Amino acid sequence: SLDESAFEHLEEKIYDFIGDNGTFANKVSENFHISNTALKALVKRSNRFHYTGLKITRTPLSEAMAKAF
């Protein structure tokens, strides 16, 4: 389990990596040396991105704000 600080750091790096159009989840897990299972857990914990098929994409701002509250 990641502490909040480590989670936020990794979340920011992944957010920058996936870009505006998203990136395939396998590419993300390989780049950050984490398992697909760990990546799924991280995406579920985050409000900033989500799975769209096999890709991880950024969550639109309005949707992210709704999840936060």
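Here a trainee and a mentor talk through a predicted model of one protein chain.

Trainee: Let's begin with the layout. In what order do the elements of the chain run from the N terminus on?

Mentor: Happy to start there. The chain holds four helices and three strands. Read from the N terminus on, their order is α-β-α-α-β-β-α.

Trainee: Since this is a prediction, I'd like to know about confidence. Which element has the lowest mean pLDDT?

Mentor: Good thing to check early. Over the chain, pLDDT averages 90, and 88% of the residues score at least 70. By element, helix 2 has the highest mean, 97, whereas the lowest, 61, belongs to residues 61-68, that is, helix 4.

Trainee: Now the interior. Which helix gives the most residues to the largest nonpolar core?

Mentor: That core has 13 residues, and Ile14, Ile18, Val28, Leu39, Leu42, Phe49 and Ile56 touch the most other members. Helix 1 (4-18), helix 2 (25-32) and helix 3 (36-45) each supply at least two of the core residues. The top contributor, with five residues, is helix 1.

Trainee: Let me look at one core member. Leaving out residues up to four places away in sequence, which residues does Val28 touch?

Mentor: Val28 is one of the core residues that touch the most other members. Not counting residues up to four places away in sequence, its partners are Ile14, Phe17, Ile18, Thr23, Leu39 and Ile56.

Trainee: On to the rings. What is the angle between the planes of Phe17 and Phe32?

Mentor: The structure holds one aromatic pair, formed by Phe17 and Phe32 with 5.5 Å centre to centre. Phe17 lies in helix 1 and Phe32 in helix 2, 15 residues apart, so the pair links distant parts of the chain. Edge-to-face requires planes over 60 degrees apart, and this pair qualifies at 85 degrees.

Trainee: Which ring of that pair is buried, Phe17 or Phe32?

Mentor: The cut-off for buried is under 20% relative accessible area. Phe17 has 29%, so Phe17 counts as partly exposed. With 15%, the buried residue is Phe32.

Trainee: There's a serine I'm curious about. Why does Ser29 count as buried?

Mentor: Ser29 is found in helix 2. Apart from neighbours within four places in sequence, Ser29 is in contact with Ile34, Ser35, Asn36 and Leu39. Ser29 counts as buried because its relative accessibility is 7%.

Trainee: And which residue's side chain joins that of Ser29 in a polar contact of 3.0 Å?

Mentor: Look among the contacts of Ser29, which include Ile34 and Leu39 as well as the residue you want. The side chain joined to Ser29 at 3.0 Å is that of Asn36.

Trainee: Let's turn to the charged groups. Over which ring does the charged end of Arg45 sit?

Mentor: Arg45 has two partners to consider. The side chains of Arg45 and Glu4 are joined by a polar contact of 3.2 Å; Glu4 is in helix 1 and, at 45% relative accessibility, counts as partly exposed. The charged end of Arg45 lies 4.0 Å from the centre of the ring of Phe7.

Trainee: Last one. How far is Arg58 from the ring centre of Tyr15?

Mentor: To count as sitting over a ring, CZ of Arg must be within 6 Å of the ring centre. Arg58 lies over the face of Tyr15, and the distance is 3.9 Å.

Conventions: Residues numbered from 1 in each chain as written. Predicted model: local features only at pLDDT ≥ 70, side-chain atom pairs only at ≥ 80, totals over all residues. Heavy atoms only, no water. Core = buried A, V, L, I, M, F, W, Y, C linked by side-chain atoms within 4.5 Å. Buried < 20%, exposed > 50% of the residue type's maximum accessible area, 1.4 Å probe, protein only. Contact = heavy atoms within 4.5 Å. pLDDT = per-residue confidence, 0-100. Phe/Tyr/Trp six-rings, centres within 6.5 Å; stacked < 30°, edge-to-face > 60°. Lys NZ or Arg CZ within 6 Å of the ring centre and 35° of its normal. Polar contact = N/O pair within 3.5 Å; in protein donor to acceptor, adjacent residues only side chain to side chain.
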